[in-house]
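Got the viewer open? Let's walk through this one stop by stop, with a selection to make at each.

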Amino acid sequence: MRVGRLLNKAVVVIMAALISVCLQTSDSRAHGHHKKQETKPAILLVTFGTSIERAQKSFANIDKRVKAAFPNVEVRWAYTSKIIRDKLARQGEQIDSPEMALARLMDDGYNRVAVQSLHMIPGAEFHEINANARLFARMAGGFDQLQVSMPLLINDEALGQALKIVKNQVVPKERKAGEAVVLMGHGTHHPSDAIYSALMYKAQKMDSNFFVGTVEGHPTFEEIRDALVEKKVKKVYLIPFMTVAGDHAMNDMAGDEPDSWKSQLAAVGIQSVPVMKGLGEVDAIDDLWIERLKAAMAHLK
Ligand code: CO
């Protein structure tokens, strides 16, 4: 009897507690203080950007492949280059900075976000995104989880994979023995510039007629040109080792100005064939980034 009455009392107390919790929940919901329970994942793709329209092909291909790999996930883009964003804005096209894109995602209620750097190396742009994304992740009332994934060339394995893909899928099939391939990397003042020298080392091990030069770092174009002359190479394929075949590929690599790589090679008797293809146009390269995104998304569950 006593046990039964106690049980009854306990049931009443529990019921009352549950009702009050429900009331509190609905009350606080009405005031917008409820804890987010639903999962609203988003992917933010961050790239340097380009204002060259045909270079956009790279981004379109990446966008298509990322959306296919993550069907129910919001996919957004941001450009790290303010110069490019401002230029596009003057033409009526608004592209967010990574910070603006993160703020919008937060405002739109996405609580789990994977940020993918579509840069080549973990240089200044990547470190800035990484630092700022982490600050966003610490903001109260914002994201529950946030992951930042690394760019393309982050270890020996990735360098090897990227080189092999370029050799098999970007270098024109008509290349003959003795003809060289020169990859044009961007290069940077940032310490990660050394990755291009590592890439050159691996390229040479893979194929002694494979070279890597950079526009703004090391190895320099002059080093590569001298090596080609020394090897008595007569013909080279010039390939941008960049997400897009944009301004650098069109002008610094393949332009008709006397200081382009093509013109400077012609000046020492080397014929060059520019291959105007951004790495983002190559599915197998995009899949290297997508593998990283998959790992990040698995962490967001
Ligand atoms: Co540049």
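Start with the metal: select the cobalt ion and you'll find His186 and His248 coordinating it, each through NE2, at 2.0 Å. Keep in mind that this is a predicted model. Now color by sequence position: the two histidines sit 62 residues apart, so the pair links distant parts of the chain. His186 is in the loop between β5 (180-185) and α7 (194-206), while His248 belongs to helix α9 (residues 247-253). Switch on a surface and check His186: it is partly exposed, at 24% relative accessible area.

Next, select 124-137. That's helix α5, 14 residues reaching 20 Å from first C-alpha to last, close to the 20 Å expected at 1.5 Å a residue. Which of its residues are buried? Show Phe126, Ile129, Asn130, Ala133 and Phe136 as sticks. They lie on the same side of α5, because they cover an arc of only 125° around the axis. To see what covers them, add β1 (41-47), α4 (98-107), β3 (112-117) and β4 (145-149), which are among the covering elements.

Now for the largest nonpolar core, with 70 residues. Pick Ile43, Leu153 and Leu228, the ones with the most contacts inside it. Helix α11 (residues 283-299) gives the largest share, seven residues. Color by domain too: at least three core residues come from each of domain 2 (41-152 + 283-298) and domain 3 (171-276).

Zoom in on Ile43. Leaving out residues up to four places away in sequence, it touches Val66, Phe70, Val73, Glu74, Val75, Arg76, Ala114, Leu293 and Met297.

Last stop: another core lies apart from the 70-residue one. This one has 18 residues, including Ala101, Leu102, Val113 and Val115.

Conventions. Residues are numbered from 1 along each chain as its sequence is written. This is a predicted model: local features need pLDDT of at least 70, side-chain atom pairs count only at pLDDT 80 or more; totals for chains, interfaces and linings use all residues. Side-chain values use heavy atoms; hydrogens and water are left out. Helices (H or I, at least four residues) and strands (E, at least two) are DSSP runs, numbered from the N terminus. The expected span of a helix is 1.5 Å times one less than its number of residues. Buried means under 20% relative accessible area, exposed over 50%, partly exposed in between (1.4 Å probe, protein chains only). The arc is that of the directions from the helix axis to the C-beta atoms. Contact means heavy atoms within 4.5 Å. A nonpolar core is a set of buried Ala, Val, Leu, Ile, Met, Phe, Trp, Tyr and Cys residues joined through side-chain atoms within 4.5 Å. Domain bounds come from an automatic or database domain assignment. Donors are N, O and S atoms within 2.8 Å of the metal (3.2 Å for Na, K and Ca); water is not among the atoms, so sites may look incomplete.
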